[in-house]
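Student: Could you take me through this model and back up each label with a value? I'd like to hear the reasoning too.

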Amino acid sequence: MEVDSENGLLQRKQSTYKSLDETFLIEKETYRGQQYSQIYFARLHLMRTMLYSLLPTWKSHLPSCTVLQLEQEKECIIVGTLYKHMKLKPSILDEYSKERSAIPLVQPHNFVHSDDYLVLEDESGRVKLRGALLSPSVYVTGIVVALHGKETGAGDFEVQDVLEAGLPHQIDRPLTSGEDKFVVFVSGLSVGSTSANPLHFQLFVDHITGHLGDEEEQGMAAQIVQVVIAGNSVEFARGLLNGQNLGPRDQSKLSEPIKELDILLTQIAAGIPVDIMPGEADPANFALPQQPLHRCLFPGSAEFNTFRSCTNPHSFELDNVRFLGTSGQNIDDLAKYSDATSKLKFLERTLRWRHIAPTAPNTLGCYPFTDRDPFFIEMCPHVYFVGNQDKFDASVFKGSDGQVVRLVCIPKFSETGTAVMLNLRNLECHALTFGSHFDS
């Protein structure tokens, strides 16, 4: 793609792209009425084997055992899946309870309570955990950990130390060539909603395609090699999705946001490779991993080979820089059932736990896999992003073996008018805001 300039033509820079979404595809899976216990068994088997390999360098002098093999006052190591008992966790059974609950009303965005406690489970049994080292407000159901401690006289397990999976191996970043190449992230476009301003999105499209700004800004636009749209691209009027048959007029209203989105995506795909991920509000399956939005929804943009409909979670490599990200459901669910000072802390925890969505399938819907857990992080990414957050935020997270990960929270564009630009050369990123005035 070429961008006009008074001094000639600006050639858009190119990059090498490789999709890594195969692990999140379910088209080869067969549903036979299986339950969710099997994904927990698969997760425990996979992560326990990995944790056992770390024990010699952690506590080599201590024996490991199962829950049923615990002996009172004898120190040992047990490996299992955490279950968090939550006093305020919503339950469908509560709606049919004859007795009115005396539990006070709680803010709907978080269900953490001071009376919450943790339990460790394996195939042999379960044991209640105690000790200040393992805070219930930090952990959630579904995490596999190794615990050093001993059984008390009350039958509890007193935790003295915790071993988490930690960050996996990270491939070396390629030697930088010295030239800047940018990836643009945007999420929460919410085309069709009353809060979305079409002008802001059109300004965004014109800017990244090089049709807006002076020579310097056009030169910056020519360095953009990839656009990633991280979910919630459209929004439908709630009254239309009530389970009733729609008349011709309502059917037209339902298709208008998709048509408008396709027009804007066509403008992007004509010059820049673009990945679109499904989100919670998009016309895709609800359970994770969400499958790619069907190409028939985008008759205009799908004509370009630069247009890719991807899964959520989404993983890819760009010039050998590995990216991993979601449209936000995993982090939003963690925020409901645990506490942290910022959303970036949740991103750090999922990397330490080596699992994108530990709360699935307990409180986060997911497909009932039988022999694998696709949310297990096998290779450490260089960039880990999450979409549809309240504000832009970014940091660098470092692992114990020299891993360096750029963490990025992408804000909802319909509410903030903000996208994120990331430089492949050094993984630095900054916000790109569009509104009544332009700010970059």
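Tutor: Let's fix the vocabulary: helices (H or I, at least four residues) and strands (E, at least two) are DSSP runs, numbered from the N terminus. Also keep in mind that this is a predicted model.

Student: How many helices and strands does the chain have?

Tutor: The count is seven helices and 21 strands.

Student: What makes the chain as compact as a globular protein of its length?

Tutor: Set the value against the rule: the globule rule gives 22 Å for 440 residues, and the radius of gyration here is 24 Å, which is close, so the chain passes as equally compact. Along the principal axes, the C-alpha atoms fill a box of roughly 80 × 60 × 40 Å.

Student: What share of the residues counts as buried, and what does the surface consist of?

Tutor: Buried residues make up 50% of the 440. The exposed area is about 21,200 Å², with 49% of that supplied by carbon and sulfur atoms. As for charge, there are 39 positive and 55 negative side chains, and the centres of those two sets are 5 Å apart.

Student: What share of the contacts is between residues far along the chain from each other?

Tutor: Taking contacts with a separation of 6 or more, 73% join residues 24 or more positions apart. Gly-80 and Val-144 illustrate that kind of pair: they are 64 residues apart along the chain, yet their C-alpha atoms are separated by 5.5 Å.

Student: Why is Gly-80 called buried?

Tutor: Buried means under 20% relative accessible area. Gly-80 has 0%, so the label holds. This glycine sits in strand β5. Beyond its neighbours within four places in sequence, Gly-80 contacts Leu-44, Leu-120, Glu-121, Ile-143, Val-144 and Val-145.

Student: Leu-44 belongs to α1, right? How does the span of that helix match what is expected?

Tutor: Yes, Leu-44 is one of the buried residues of α1. The helix runs over residues 37–54, 18 residues in total, and covers 26 Å from its first C-alpha to its last; at 1.5 Å a residue you'd expect 26 Å, so by that definition the span fits.

Student: Which residues of α1 are buried, and what covers them?

Tutor: The buried set is Ile-39, Ala-42, Arg-43, Leu-44, Met-47, Arg-48, Met-50 and Leu-51. Their cover includes β5 (76–85), β8 (144–151) and β9 (157–163). For the pattern, remember that an α-helix has 3.6 residues a turn, so residues three or four places apart point the same way.

Student: How do you know that Glu-164 is buried?

Tutor: Its relative accessible area is 17%, and the cut-off is under 20%, so Glu-164 qualifies. Glu-164 lies in the loop between β9 and β10 (182–186). Leaving out residues up to four places away in sequence, Glu-164 touches Leu-51, Tyr-139, Val-145, Arg-352 and Trp-353. Asp-115 is another matter: 49 residues along the chain from Glu-164, with 24 Å between their C-alpha atoms.

Student: What makes α6 largely enclosed by the rest of the structure?

Tutor: Seven of its ten residues fall on the buried side, so the description fits α6. They are Leu-344, Phe-346, Leu-347, Glu-348, Arg-349, Thr-350 and Leu-351. Cover for them includes α5 (329–337), β16, β17 (393–398) and β18 (404–411).

Student: What is unusual to note about the residue Arg-354 that follows α6?

Tutor: Arg-354 has a positive phi, about 60°, although it is not a glycine. Its place is the loop between α6 (343–352) and β16 (383–389). At 12% relative accessible area, under the 20% cut-off, Arg-354 is buried.

Student: Asn-320 has a positive phi too. Why is Asn-320 called partly exposed?

Tutor: Its relative accessibility is 48%, and partly exposed lies between the under 20% of buried and the over 50% of exposed, so that's the class for Asn-320. Its phi is near 65°, and you'll find Asn-320 in the loop between β14 and β15 (321–326).

Student: Which peptide bond leading into Pro-313 is cis, and which one leading into Pro-289?

Tutor: For Pro-313, the bond from Asn-312 is cis, with omega near 10°; Pro-313 is in the loop between β13 and β14 (314–318). For Pro-289, the cis bond comes from Leu-288, with omega about -10°. Pro-289 is in the loop between β12 (274–277) and β13 (307–309).

Conventions:
Residues numbered from 1 in each chain as written. Predicted model: local features only at pLDDT ≥ 70, side-chain atom pairs only at ≥ 80, totals over all residues. Heavy atoms only, no water. Rg over C-alpha atoms; globule rule 2.2 N^0.38 Å. Buried < 20%, exposed > 50% of the residue type's maximum accessible area, 1.4 Å probe, protein only. Contact = heavy atoms within 4.5 Å. Areas by Shrake-Rupley, 256 points an atom, 1.4 Å probe, with all protein chains shown as cover. Lys, Arg positive; Asp, Glu negative; His and termini not counted. Charge placed at Lys NZ, Arg CZ, Asp CG, Glu CD.
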